[in-house]
Amino acid sequence: MRYEFRVSGHLSPAVAGAFPELDEVTVPEETVLYGPVIDEAHLYGLLVRFQDLGLRVVELRRLPD
């Protein structure tokens, strides 16, 4: 499965580095992180990581395979 996470604002290199399994693209006023998600536990782990870093996920969607 592949997912896309849109977070509010631009991430510093240190914060983006907390998601080594995801690729990053910066767009106006948001950062898009995308990549493979192994299973449901991995998905929830990523969401907890976003929360722990104080990031606001504004959109989450599963990408076509």
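Q: Buried means under 20% relative accessible area. Is Phe5 buried or exposed?
A: This is a predicted model. Phe5 falls in the class under that cut-off, as does Phe50. Phe5 is buried.

Q: How many aromatic pairs does the structure hold?
A: Rings pair if their centres lie within 6.5 Å. By that criterion, the number of aromatic pairs in the structure is three.

Q: Are the rings of Phe5 and Phe50 stacked, edge-to-face or tilted?
A: Planes under 30 degrees apart count as stacked, over 60 as edge-to-face and the rest as tilted. The centres of Phe5 and Phe50 are 5.2 Å apart, with the planes at 45°. That angle fits neither of the other two classes, so the pair is tilted.

Q: How many residues apart are Phe5 and Phe50?
A: Phe5 sits in strand S1, residues 2–8. Phe50 sits in helix H2, residues 40–52. The pair links distant parts of the chain, and the separation is 45 residues.

Q: Which class fits the pair of Phe19 and Phe50, stacked or tilted?
A: The ring centres of Phe19 and Phe50 are 4.5 Å apart. Their planes meet at 20°. Planes under 30 degrees apart meet the stacking cut-off, so the class for Phe19 and Phe50 is stacked.

Q: Where does Phe19 lie?
A: Phe19 pairs with Phe50 of helix H2, 31 residues apart in sequence. Both Phe19 and Phe50 are buried. Phe19 lies in the loop between helix H1 (13–16) and strand S2 (23–27).

Q: In which element is confidence highest?
A: The protein averages a pLDDT of 96. Confidence is lowest in H1, at a mean of 95. The highest value, 98, belongs to S1.

Conventions: Residues are numbered from 1 along each chain as its sequence is written. This is a predicted model: local features need pLDDT of at least 70, side-chain atom pairs count only at pLDDT 80 or more; totals for chains, interfaces and linings use all residues. Side-chain values use heavy atoms; hydrogens and water are left out. Rings of Phe, Tyr and Trp (its six-membered ring) pair if their centres lie within 6.5 Å; planes under 30 degrees apart count as stacked, over 60 as edge-to-face and the rest as tilted. Helices (H or I, at least four residues) and strands (E, at least two) are DSSP runs, numbered from the N terminus. Buried means under 20% relative accessible area, exposed over 50%, partly exposed in between (1.4 Å probe, protein chains only). pLDDT is the predictor's confidence in each residue, from 0 to 100.
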